[in-house]
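Notebook open, coffee poured. I want to go through this one from the overall fold down to single side chains.

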Amino acid sequence: SGCCNFNQNIIFENGITSYNRKYLYASTGYNLPITLVNDNDQGIIYNCIKFNQPITLESTYTNCSYTFYNCTNFDQPVQIPSTARNTEYMFANCTSFNQPITLPSSIYYCSGMFQSCSNFDQSITIPDNAYSPYMFNNCGNFKSLVILGKNVNCSSMFRNCVNFDQPITINTNQSCDNMFYN
């Protein structure tokens, strides 16, 4: 549940501490611009299905995991900060999302990042040493070029990507089990 119709400006001041910062969780009607400043904001707009506004991720925002999870209408440009380390499930279930994304070399975790993003079809470069299983899992329309860095874990990376047909160069000692399983 949640405040399904909540759609007002929110100011998150420094000093707020909470282990569960999903303030807008299931606020399905929320649709205003947001600036995310620190890692305590992780998953703050999780499950806001109407959300489709510009967003700013400040350089202090290093944990982008679940940021837009299940925001099914979200389709805005996002610049991931150069300091970010974690983008796990960042856009998972964002069925409208189809924007170019640049992953900084600082990224280590990006598993499931675009999982079930049925409209996502953008070329992407995955940095060296990234842990990225299930990154494009269930992305049925995905058919763009993917450039893998060295030592990328790509287990089940293209699972159920029925239209994917691009050349891949694999240079890793990490797992690539079920990379193309359908």
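I began with the contacts, keeping in mind that this is a predicted model. Residues 24 or more positions apart make up 15% of the protein's contacts with a separation of 6 or more.

**Entry: secondary structure.** Next I looked up the elements. I found zero helices and four strands, and the order along the sequence reads β-β-β-β.

**Entry: surface and burial.** How many of the residues count as buried? I got 45% of the 182 residues of the protein. For the outside, I noted an exposed area of about 8900 Å². Carbon and sulfur atoms supply 43% of that area.

**Entry: Asn63.** I picked one polar residue to follow up. Where does Asn63 sit? I found Asn63 in the loop between β2 (55–57) and β3 (124–126). Is Asn63 buried or exposed? Its relative accessibility is 17%, and the cut-off for buried is under 20%, so Asn63 counts as buried.

Then I checked what the Asn63 side chain touches. One polar contact goes to the side chain of Ser65, at 2.8 Å. Another polar contact goes to the side chain of Asn86, at 3.4 Å. So my note on Asn63 reads: a loop residue that counts as buried because its relative accessibility is 17%, with side-chain polar contacts to Ser65 and Asn86.

**Entry: aromatic pairs.** I turned to the rings. How many aromatic pairs does the structure hold? I counted 22. Why is the pair of Phe68 and Phe74 called stacked? Their ring centres are 4.3 Å apart and their planes lie at 10°, so the pair is stacked; the cut-off for that label is under 30 degrees. I looked up burial for both partners. Phe68 comes out at 0% relative accessibility, so I logged Phe68 as buried. Phe74 also has 0% relative accessibility and therefore counts as buried.

I then went to Phe158 and Phe164, which form a stacked aromatic pair. Here I wrote down 4.2 Å from centre to centre and 10° between the planes. Both Phe158 and Phe164 are buried.

**Entry: the cluster.** Last, I asked which residues form one aromatic cluster. My list has Phe51, Phe68, Phe74, Phe91, Phe97, Phe114, Phe120, Phe136, Phe142, Phe158, Phe164 and Phe180. The two stacked pairs I looked up belong here: Phe68 and Phe74 are in the cluster, and Phe158 and Phe164 are in it too.

Definitions and conventions
Residues numbered from 1 in each chain as written. Predicted model: local features only at pLDDT ≥ 70, side-chain atom pairs only at ≥ 80, totals over all residues. Heavy atoms only, no water. Helix = DSSP H or I, 4+ residues; strand = E, 2+ residues; numbered from the N terminus. Buried < 20%, exposed > 50% of the residue type's maximum accessible area, 1.4 Å probe, protein only. Contact = heavy atoms within 4.5 Å. Areas by Shrake-Rupley, 256 points an atom, 1.4 Å probe, with all protein chains shown as cover. Polar contact = N/O pair within 3.5 Å; in protein donor to acceptor, adjacent residues only side chain to side chain. Phe/Tyr/Trp six-rings, centres within 6.5 Å; stacked < 30°, edge-to-face > 60°.
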